[in-house]
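Me: I would be grateful for a close look at a single part of this protein, set out as one connected account. Please explain any term that the account depends on.

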Amino acid sequence: MNNGFSELQCEEDFENNIQVAQNSTADGPAAISFALNKNKGTPRLSWDERFKELLDFKKINGHMHVPKRSGSLGYWVSDQRRHNRFLKEGKRSRMTADKRDTLESVGFEFKLPTVWDQRFQELVDFKKINGHTYVPKRSGQLCNWVNYQRMQYHRSKKGKHSLFTSDRRDKLESVGFA
């Protein structure tokens, strides 16, 4: 059965990870062309649409640390960080100064906080509530982290080998850590 379409022509756009398909007839290209996103069937959104999606995420979650595993927005956020790094290194990048400024204007962090920084913030929050930095065992990971920091802190104070940096020691001392 002839449906009027003799072939499907596809061109791949590797940078944007899409396929542009155009049907053609014996008389030439048909009026129907469409983009196929190769990323699990998710629609290809513009930078501005993804940015709006990021703002919605921030409104709901209070931050913009979108994990990659959360889907297309997570991958987009990761790409923004990667392309900002490329821009700084003078490599080919889709990041522009305007895009970077727009992201920074809403509090986007191009460098994610480390686990150490996250735990330190948990300790600061704990101290605000409890008035001290002696975290009980029932506090799970924070307790384990504090005990390890305390051990490294005392080793460094005694001049023994420690993985502790002076910057971290100063930060902990600033909240009354001993």
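Reply: Two residues are said to be in contact, or to touch, when they have heavy atoms within 4.5 Å. The model examined here is a predicted one.

With that meaning in hand, alanine 178 may serve as the point of entry. Alanine 178 is placed in the segment after α6 (166-174). Leaving aside residues up to four places away in sequence, alanine 178 touches Arg150, Tyr153 and His154. Alanine 178 also lies 9.2 Å from tyrosine 134, C-alpha to C-alpha, although 44 residues separate the two in sequence. Is alanine 178 buried or exposed? The term "buried" is kept for residues under 20% relative accessible area, and "exposed" for those over 50%. Alanine 178 has a relative accessible area of 40%, and is therefore partly exposed.

The contacts of alanine 178 include Arg150 and Tyr153, and both of these are among the buried residues of α5. This helix, α5 (141-157), deserves a description of its own. α5 has 17 residues, and the distance from its first C-alpha to its last is 24 Å, close to the 24 Å expected at 1.5 Å a residue. The buried residues of α5 are Leu142, Cys143, Trp145, Val146, Gln149, Arg150, Gln152, Tyr153 and Ser156. What covers them includes α4 and α6. Just after α5 comes glycine 159, with a positive phi of about 80 degrees.

Leucine 142, one of the buried residues of α5, leads on to the interior. Not counting residues up to four places away in sequence, leucine 142 touches Arg119, Glu122, Leu123, Phe126 and Val135. Leu142 also belongs to the largest nonpolar core, which has 15 residues. Which members of this core touch the most other members? They are Phe120, Leu123, Val135, Leu142, Trp145, Val146 and Leu172. Two or more residues of the core are given by each of the elements α4 (115-130) and α5. Apart from this core lies another, of 14 residues, including Trp47, Trp76, Val77 and Phe108. A general tendency forms the background: in soluble globular proteins, nonpolar side chains tend to be buried together.

The helix α4, which takes part in covering α5, also gives two or more residues to the lining of the second largest pocket, as does α2 (72-88). The largest share of that lining, four residues, comes from α2. The second largest pocket has a volume of about 180 Å³. Its lining consists of 13 residues, and Val66, Pro67, Lys68, Arg81 and Leu112 lie nearest its centre. By character, the lining divides into six nonpolar, five polar and two charged residues.

Conventions:
Residues numbered from 1 in each chain as written. Predicted model: local features only at pLDDT ≥ 70, side-chain atom pairs only at ≥ 80, totals over all residues. Heavy atoms only, no water. Core = buried A, V, L, I, M, F, W, Y, C linked by side-chain atoms within 4.5 Å. Buried < 20%, exposed > 50% of the residue type's maximum accessible area, 1.4 Å probe, protein only. 1 Å grid on protein atoms, 1.4 Å probe; cavity = no way out; pocket = protein on both sides within 12 Å on 5 of 7 lines; lining within 4 Å. Points joined across faces, edges and corners; volume = space filled by probe spheres on them. Nonpolar A, V, L, I, M, F, W, Y, C, P; charged D, E, K, R; others polar. Expected span 1.5 Å × (residues − 1).
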